Amino acid sequence: MDWREHYKSHLTSAAEAVNLIKSGDRVCVHHACAEPTALIDAMVANAAAYRHVEIVHMVPMGTSPYCAPGMEEHFIHNCVFAGGSTRKALAEGRADYTPIFFHQFPDLLRTELVPDVALVHVCPPDEHGYCSMGVSIDYSKAGAESAKTVIAQVNPNMPRTLGDTFIHVSKFAAIVEVDSPIIELPAPKLSDVEMNIGEHCASLINDGDTLQLGIGAIPDAVLRFLTEKKDLGIHSEMFSDGVVELIEAGVVNNSKKTYHPGLCVVNFLMGTRKLYDYVHNNPAVYMAGVDYVNHPLVIAKNDNLVSINSCVQVDLQGQIVSSSAGLKQISGIGGQADFVRGAAYSKGGRSIMAFPSIAKGGISKIVPFIDEGSSVSTLREDADYIVTEYGIAAMHGASLRQRAQRLIAIAHPDVRAQLQEEYERRFATLDAIDRN
Ligand code: COA
């Protein structure tokens, strides 16, 4: 059948399309800003028709209505990255969490976690019947390829991104046309603390480096201090509007990249319409699955790869907790460990973990011991540069005593005395040997 006929004969409403989902199915949802909200809303409106539908999803950008109290009879959320709309269900034991390195998630969807249904959000087909999966390729393309049934939300506002981004219309069991804005993530307002952190991080970046930028306010702050740099490149899990500004300013040109020179390489995008217009039909941005972009051995093919990420807690040994506070799941490991490892294997590579010395609740992020129940995302052996608004602490090659000294020096002044007491309990003997 000609793809145009397939398209027409599978056009339906969202309410009809979600009847393809059956009780007990595993449903893989398109990631982050590509979330197909019309399909999710229709699925949740149809909740009474389902029992125990498993929702596999990573960074939630919508309201995650399948996590609302009372929905657990119908939907169980299997979360790979918690967010504001899913944390409560996790904390209350109404949702589960699967720990997995981001680069291994597509393989999980091809093997142990094969979806029955994938909900995707794509741009309209080209003349050959291919739709780009737009702003999120990551695990979402693998999820759609391995699902038995794919329901597509087709939207002219979804940018036609290029690379390994295409899925053919013949794969769609139901097609729902919408004309609604793609979810946007506006640039955060930056505090003085974040700006100080950005400035310290920028001092660790050299002309010609290739950058990975993580999630949160810190990467945005770093970008503000890169305007005087030259020939930067991008090989990143994600990026947002700040990178477009540096491309327009001629700072990012990918000219010195040793792998995919000339191209920004990325697996998902989160930003505003400005970013989405920039990537539309743009061959300078190569998008591919996270199993490729985030594979540490692929990352390491970029010389001078600098990864910049943030975290929840660091102990005095340099163990880095990034996705939980105790047993409370705050986010997920995402691509942090992928890039920290990749940067370690990159010739001239560096990884930076940057965060405000004090968390929102007023507690220190640098602690003597990590909270009971917290999961370590970056091992002390992998820790490299740790940055707060008070400076930079180099971990790689540093002994436990040196690490503790350096971390105390960049902790908030109010907690340094308490950290120092712990330091003395651990290292008084070594310090005394040094003095004699
Ligand atoms: N103890 C308790 N809670 C803490 C905490 C701590 N030490 N540090 C942070 N939190 C809480 C905050 O209070 C906030 O809770 P709220 O949303 O209920 O107010 C939440 O964690 C997020 O903190 P915030 O400072 O707003 O986060 P951020 O947007 O700067 O992101 C991370 C920081 C660590 C959550 C984020 O960088 C992350 O998820 N990293 C791991 C994944 C990763 O690095 N991926 C890399 C590529 S994308």
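**Exercise 1. Sort the residues lining the second largest cavity by class, then find where they come from.**

Start with the classes: that lining divides into six nonpolar, two polar and two charged residues. Here Ala, Val, Leu, Ile, Met, Phe, Trp, Tyr, Cys and Pro count as nonpolar, Asp, Glu, Lys and Arg as charged, and the others, Gly among them, as polar. A quick word on the source: this is a predicted model, where local features need pLDDT of at least 70, side-chain atom pairs count only at pLDDT 80 or more, and totals for chains, interfaces and linings use all residues. Residues are numbered from 1 along each chain as its sequence is written, and side-chain values use heavy atoms, with hydrogens and water left out.

Next, the names: Ile320, Val340, Ser351, Ile352, Met353, Thr378, Asp382, Ala383, Asp384 and Tyr385 line this cavity. A cavity is a set of points, on a 1 Å grid over the protein atoms alone, where a 1.4 Å probe fits but cannot get out; lining residues have an atom within 4 Å of a point.

Last, the main contributor: strand β20 (residues 350–354) gives the most, with three residues. Strands are DSSP runs (E, at least two residues), numbered from the N terminus.

**Exercise 2. Work out which residues come nearest the ligand and what they touch.**

First, the shell: 23 residues surround the ligand, and Arg87, Val312, Ser331, Gln336 and Lys360 come nearest. Near means that a heavy atom lies within 4 Å.

Now look for polar contacts with the ligand (pairs of N or O atoms within 3.5 Å). Val312 uses a backbone N or O atom, 2.9 Å from a ligand nitrogen. Ser331 places a polar side-chain atom 2.6 Å from a ligand oxygen. For Lys360, a side-chain N or O atom sits 2.8 Å from an oxygen of the ligand.

Then check the cover: the ligand alone exposes 960 Å², and the protein buries 79% of that. Those areas come from the Shrake-Rupley method with a 1.4 Å probe.

Finally, the shell by class: nine nonpolar, 10 polar and four charged residues.

**Exercise 3. Trace the four-stranded open sheet from edge to edge.**

Begin with the order, β21-β16-β17-β22, with mixed pairing. Two strands pair if DSSP finds at least two bridges between them.

On the outside, β21 (366–367) and β22 (376–378) are the edge strands, each pairing on one side only.

Inside, β16 (residues 313–315) and β17 (residues 320–321) run antiparallel and are joined by two bridges. To pin down one of them, take Gln313: its bridge partner in β17 is Val321.

Terms used
Polar contact = N/O pair within 3.5 Å; in protein donor to acceptor, adjacent residues only side chain to side chain. 1 Å grid on protein atoms, 1.4 Å probe; cavity = no way out; pocket = protein on both sides within 12 Å on 5 of 7 lines; lining within 4 Å.
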